Structure formats: C-alpha cells, structure tokens
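Trainee: May we go through this model term by term? I should like to see how each description is reached.

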Amino acid sequence: MASVTLRTIIETFDLEIITEYGSFDDVRISVADVTRPGLQLAGHFEHFGPDRIQVLGNMETAFLEKLEPADRVERIDALFSKGIPCLVLSRNHTATSEMIESSRRYRVPLLRTSDATSSFTSSLVKFLHVELAPRMSLHGVLIEVYGEGILILGESGVGKSETALEVVKRGHRLIADDLVEVRRVSDSTLLGRAPEIIRHLIEIRGIGILDVKELYGVSSVKMQENVDFVINLEIWDEKKTYERLGLNEETTEILGIHVPSITIPVRPGRNLAIIVEVAAINFRQKSMGYNAARALTDRVFGKNSH
Amino acid sequence: MVSKTVRFNCDEALHMKAVAVLIQKASTFRSDLWLSSGDRRANAKSLLGVMSLGIENDIELLVSADGVDEEEALDAIVSYLLHPEV
C-alpha cells in the first residue's frame, strides 16, 4: 500500500517541529484524509479515523480554551491516546503544556504551521491524494505539446525517443522517456512523472544517453504533466486499416480511466514530430468543440453551405 | 507468459555496462521482456527503464517474457543476470 513519510510532509509544508520522537521516516501516512478533531475534543469518537493527520485551528483552540482545566487535559489526552500519526497546529497557535505533555506520553509528534487552517488542510489533502494515488509504470514517453500532456506508447525501437527529441527541439517539453510513472489522482485525471534516477534523460540509439535539461535548458523540460492524450505508435501494417477521417473516438485505458487516443502507423521517413504536434493541436480543437471531420461531413451534405 | 525470480550479483563498478549488455541481449528476442523490482516494472529492452529500477547487488528481480520465443528469452536473461559478463 502506498504511503508517505511524515518527514516528506514536514519538508514539503515547511512545518515547525515542536516535539519529536524517533525518526519521522518511521511515521507513515497511508490515508489522504485530514481531520479537524472538533467533535473528538467534545468527547465523541465514533467513526474516528486514528490514522489521519489531525489539524487544530482557530475553532478547536477556542473551544479548548473555554473548557475547565481538568476537562481540557482529559480531552487532549484522549485524542493523543488514539494512536494518531501527528497533531498539527495551524495559524501558529501556541502548543499548550497539556498538549506537550500528552504528546510525550504517547510519543506523538506535535507540529506547527503559520498557514490558515483551511488552506493548509486543503493543500495537504491535495498533496496526499497525489502521493497515495493508485499508480503504475508504463513503457513510453511523456511530452507536453501546446499545454497538452501526450503519452507516446509503442514497442521498443519504434521511434518514441527520437520523436520526443524532435518535439523538444521544436519548443515543447519532455517529462519522461522510456519509463513513465502514472498516478490516478482523481476519477478523471492521470498524472505522469519520470522516476527520479532517469529524470529528463533520453536514450537515442547510436548516440547513447542524453541529458535534455543540460543540452536544451530548463525551458525544455517539466517535472510532471497530466496524461491528456495517448498516441500509440506502431510499425505500418499493410493489411491493417488506419483512421482516415478522425470521426472515431478511440480510447486507451490506463488505471481505469479512458484516455482519448489515436494510433499512428510508422514508416521510415514519416516526420513523426510534426504529426504528434498536429495531433495535439487537433485534440485541443476537438476538446474546444470543433471537429474538422464533422465539419467536412456537414459541407458534403449541404448543411451550413452558401 | 513465463516468469522467474533471480538475485542479481555483479561487480559493483560494472553495473552500468552489465545493464547495457542485458538490454542488447533482450533486444535480440521478439518476445516482450519485463524486469520488476518492488512495485516498478520496466521493459527489459529499454536502457533508461531498467536503470530506473535502481538495480543493486543482491536485489531480487522478477523476469517475465511473453511472445513466440519466451522460453528461450527467459532462459537467456535469467542466466545472464546470474552470471553477468561485460
């Protein structure tokens, strides 16, 4: 099961460490939800998810202040005793002596941020959703062309990397070559990245490994991009029929999401970079509601004609 | 589809070259060949893909082959991983 270490979260959100026990690498978060434990501080623990990060903001601290001292100690202690991964105070709220004591008793780290509660929790939930999303690695190339994330798939040696290089040379961006890590970050969104070890490297047969970022600069690469469109490259098969009009809606399924796709037959001498570029523009145009093939049909059958 | 688990063992300094030879060997077969380590799976014919697995000594790798010459391909890759020569 995917998980994120508390260290990664502390570093990403630049959290202040108030109390620390053992290594933050050993505390793993595997749920994307974050709790503001208002009801729990009022003593209600039904349906409580103790594996979630707990965030205390203005409302919770104000509530705690109103409690009798004895109740306050008891409620805070009850929350820490449930085995929560950590407690975060937002808006730089003061860590009270009761909190520090319970944090020590149950060895639960106490952290703090200067951010407002709702903006902190929403960025944290978004971050966790990306990190904990279902994922898979695909053999292909991910590039960004005119703002569209295009995943090129195809057998080894069909020319994926060469196409990517040429597309980059034409001013677009490389995200990953050879191995793309794809995550399903929502029910309609796939996010692609390169594994860190091979990030922004490209292999061209006959030359070897190239560092695209060093060769063409930072404007030629990108850390991550959505997978909006899939292009399947395959060796031209004389017996197969290929799409001629562009009326069929082909899709490729990745992690349960159907991504619009096309299949492009490859023949020596076919300029794939231009084809990929025009496929991206055409995809944009289609998503904005214009379909050239449909417009042609309308013309042929006399609609909108003058 | 056939598959087998092997433990990779190679002189430290030779890793990169051993991987390069492995890719060349894999590319001579028609079958699809995959190497998996943990939750990552890479095409054995792709250099960067295999590199991204972060192959270290004593790492356990699952080799799978699928295609017309799968048995032969699996044997070749497994025996190379057991005794890599550069």
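**Terms and their grounds**

Mentor: Let us begin with a hairpin, which joins β11(A) to β12(A) through 5 residues. This is a predicted model, in which local features need pLDDT of at least 70 and side-chain atom pairs count only at pLDDT 80 or more, while totals for chains, interfaces and linings use all residues. Residues are numbered from 1 along each chain as its sequence is written, chains are lettered from A and ligands numbered from 1 in the order in which they are written, and side-chain values use heavy atoms, with hydrogens and water left out.

Trainee: How do you know that β11(A) and β12(A) pair?

Mentor: Strands are DSSP runs of E with at least two residues, helices are runs of H or I with at least four, and both are numbered from the N terminus. Two strands pair if DSSP finds at least two bridges between them. β11(A) and β12(A) have 4 bridges, in the antiparallel sense, and therefore satisfy that definition. Within this pair, Val182(A) stands opposite Gly192(A), and Glu181(A) has Arg193(A) as its bridge partner.

Trainee: Which other strands pair with β11(A) and β12(A)?

Mentor: β8 (residues 135-145) of chain A runs antiparallel to β11(A), joined by 5 bridges; Leu138(A) is partnered there by Val180(A). On β12(A), strand β15 (residues 224-226) of chain A pairs in the antiparallel sense over 3 bridges, with Gln224(A) opposite Arg193(A).

Trainee: What makes β11(A) a mostly covered strand?

Mentor: Buried means under 20% relative accessible area, exposed over 50%, and partly exposed in between, with a 1.4 Å probe and protein chains only. In β11(A), residues 179-184, 5 of the 6 residues are buried. For β12(A), both faces are covered: Leu190(A) and Gly192(A) are buried on one side, Leu191(A) and Arg193(A) on the other.

Trainee: Why does His200(A) count as buried?

Mentor: Its relative accessibility is 6%, so His200(A) counts as buried. This residue lies in the loop between β12 and β13 (201-204) of chain A. Contact means heavy atoms within 4.5 Å; beyond four places in sequence, the contacts of His200(A) include Leu174(A), Asp211(A), Val212(A) and Met223(A).

Trainee: Why are β2 and β4 of chain A called edge strands?

Mentor: An open sheet of 5 strands has the order β2-β7-β6-β5-β4 (chain A), with mixed pairing. β2 (16-19) and β4 (34-35) each have a single partner strand, so one side of each lacks a neighbour in the sheet. β4(A) pairs with β5 (residues 53-56) of chain A in the parallel sense over 2 bridges, and Thr35(A) has Gln54(A) as its bridge partner.

Trainee: What is the crossing angle of α1 and α6 of chain A, and what is that arrangement called?

Mentor: The axes of α1 (residues 6-13) and α6 (residues 117-132) of chain A come within 12 Å and cross at roughly 130°. Angles under 35 degrees count as roughly parallel, over 145 as roughly antiparallel, 65 to 115 as roughly perpendicular and the rest as oblique. α1(A) is therefore oblique to α6(A).

Terms used. Axes fitted to C-alpha atoms, helices over the stretch in contact; angles between N-to-C directions.
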